[in-house]
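Here are my notebook entries from a sitting with this model. I went looking for how its strands pair and how its helices pack.

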Amino acid sequence: MPARHSWEIPMLVLVVVLTVFAYLIALLLLATGNFDQYVLAFAAAPLLLWFGRGINYASQRVNGVKMSPTQFPEGYQQVADAAARFGMAKVPDAYVVLGNGQINAFASGHGFRRYVVVYSDLFEIGGAAREPDALAFIIGHEVGHIAAGHTSYWRQLGMFLVPFLPIIGSSLIRAQEYTADNHGFCHRHTGAPGAMGTLAAGKYMNRLVGFDEMADRAPAEKGFFVWMVNALSSHPVLTWRMWALRDRSRHGKLFMRPERPNGAAAPMGGYPSSYGQVPANPPKSVV
Ligand SMILES: [Zn+2]
């Protein structure tokens with residue numbers, strides 16, 4: 001089974017404790033007659049979250065193109081395969097929605113139902129003529145969020161304070177993203193460079209992104225502001241994320257940039273790729 005990032009559970013415990021604490025304070029303020037809008041909103045968090053999740057799921061059910069054995073069957077098969085690989089009892093629903101140029105995908109749920117949504121501009125990277133491995137990695141990543149419990153109502157309620165917890169909140173989300181990347185890697189490791197290339201340069205130039213060359217910049221780019229950009233980000237910064245997908249011997253870096261073993265310089269011709277392939281250099285032609 002894919003590894004859960006080592007910082008995920010400790011960070012989750014911290015965030016849940018802070019959220020429960022804040023919730024109790026909100027209830028206390030309400031009881032003493034404070035009807036500030038933030039206090040009201042926070043006290044209503046269980047209801048607001050339930051409502052938001054219901055609306056989100058319904059939007060996919062009425063507007064999304066639902067993957068099935070006859071509609072985007074490759075995508076449907078990937079979702080089913082990933083669910084089986086992660087030992088899930090039920091295959092989540094999966095939808096393609098209009099991306100309008102945005103490269104995005106997410107997983108969520110409502111009640112006992114779980115689903116994956118892939119924006120059309122990201123889904124386009126799949127298909128036999130393009131990068132089916134990259135799409136398989138993405139779908140593995142999203143189904144992984146479900147398998148790892150990130151989409152549960154109670155989990156999300158316990159993390160309600162995340163948007164109000166700079167650095168602590170985003171760090172928990174980053175740990176979850178590394179966990180999901182481990183699932184994507186487990187499902188289709190050969191898709192990691194294509195998936196990261198798509199996130200870096202889009203669906204047309206993904207094959208031109210030198211995965212190793214970009215990952216090598218993770219230890220090279222230094223400084224306070226680099227630290228800050230990562231610390232505030234919901235996803236690990238791309239260079240670090242690529243580094244973690246290449247170096248499978250340790251968990252992805254949450255706070256401090258990755259370091260080369262013994263501070264050594266990058267070997268001439270790059271690192272041996274863990275994918276059994278020559279890194280994307282020279283670039284493959286774009287079809
Ligand atoms: Zn994710």
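**Entry 1: the sheet.** I started with one residue pair: Val65 has Val96 in strand 2 as its bridge partner. A reminder to myself that the model is predicted. The pair belongs to the antiparallel pairing of strand 1 with strand 2, which has 2 bridges.

From there I moved on to strand 4. Strand 2 and strand 4 run parallel and are joined by 5 bridges. I picked Tyr95 as my marker, and Tyr95 stands opposite Val117 in strand 4.

Next came strand 3, which pairs with strand 4 (residues 113-119) in the antiparallel sense over 6 bridges. Here my marker was Ser108, which stands opposite Tyr115 in strand 4. I also looked at the link between the two strands: strand 3 and strand 4 form a hairpin with 2 residues between them. Gly111 sits in that turn and has a positive phi of about 60 degrees.

Putting the sheet together, I get 4 strands in the order 1-2-4-3, forming an open sheet with mixed pairing. Which strands are at the edges? They are strand 1 (65-66) and strand 3 (105-110), and each pairs on one side only. A note for my own margin: strands of a sheet pair through backbone hydrogen bonds, either parallel or antiparallel.

**Entry 2: helices on the sheet.** I then asked which strands helix 3 lies across. Helix 3 (residues 45-63) lies across strand 2 (93-97), strand 3 and strand 4. Its direction is at about 115 degrees to strand 3.

Helix 6 lies across strand 3 and strand 4. Helix 6 runs at about 30 degrees to strand 3.

**Entry 3: helix 6 and helix 9.** I followed helix 6 to its helix contacts. The axes of helix 6 (residues 132-147) and helix 9 (residues 192-201) come within 7 Å and cross at roughly 85 degrees. Helix 6 and helix 9 are therefore roughly perpendicular to each other. On the helix 6 side I listed Asp133, Ala134, Phe137 and Ile138. On the helix 9 side the contact is made by Ala192, Gly194, Ala195 and Thr198. By class, the residues of this contact are 5 nonpolar, 2 polar and 1 charged.

**Entry 4: helix 6 and helix 8.** How do these two cross, left-handed or right-handed? Helix 6 passes helix 8 in a right-handed crossing. Their axes come within 7 Å and cross at roughly 130 degrees, which makes helix 6 oblique to helix 8.

The residue list took me a while to click through. From helix 6 I noted Ala136, Phe137, Ile138, Gly140, His141, Val143, Gly144, His145 and Ala147. They meet Thr179, Ala180, Asp181, His183, Gly184, Cys186 and His187 in helix 8. I sorted this contact by class as well and got 7 nonpolar, 8 polar and 1 charged residues.

**Entry 5: helix 1 and helix 8.** Helix 8 (residues 168-187) also meets helix 1 (residues 8-31), with axes that come within 9 Å and cross at roughly 145 degrees. Helix 1 passes helix 8 in a left-handed crossing. Helix 1 brings Glu8, Met11, Leu12, Leu14 and Val15 to the contact. Helix 8 brings Ile168, Gly169, Ser171, Leu172, Ala175, Gln176 and Thr179. The split here is 7 nonpolar, 4 polar and 1 charged.

**Entry 6: what the record says.** Last, I opened the UniProt entry, which is unreviewed. The annotation "transmembrane region" in that record covers residues 12-32 and 38-58. I checked both spans against the model. Residues 12-32 are 95% helix and 0% strand, with end C-alpha atoms 30 Å apart. Residues 38-58 are 95% helix and 0% strand, and their end C-alpha atoms are 27 Å apart.

The same record was worth one more look for its domain. UniProt lists residues 77-153 and 169-248 for "domain: Peptidase M48", in an unreviewed entry. I took residues 169-248 and found 70% helix and 0% strand, with end C-alpha atoms that lie 25 Å apart.

Terms used:
Residues numbered from 1 in each chain as written. Predicted model: local features only at pLDDT ≥ 70, side-chain atom pairs only at ≥ 80, totals over all residues. Axes fitted to C-alpha atoms, helices over the stretch in contact; angles between N-to-C directions. Parallel < 35°, antiparallel > 145°, perpendicular 65-115°, else oblique. Contact = placed C-beta atoms within 7 Å. Nonpolar A, V, L, I, M, F, W, Y, C, P; charged D, E, K, R; others polar. UniProt positions renumbered as here; feature names shortened; annotations may be inferred. Pairing = 2+ DSSP bridges. Left-handed = near helix turned anticlockwise from the far one by under 90°.
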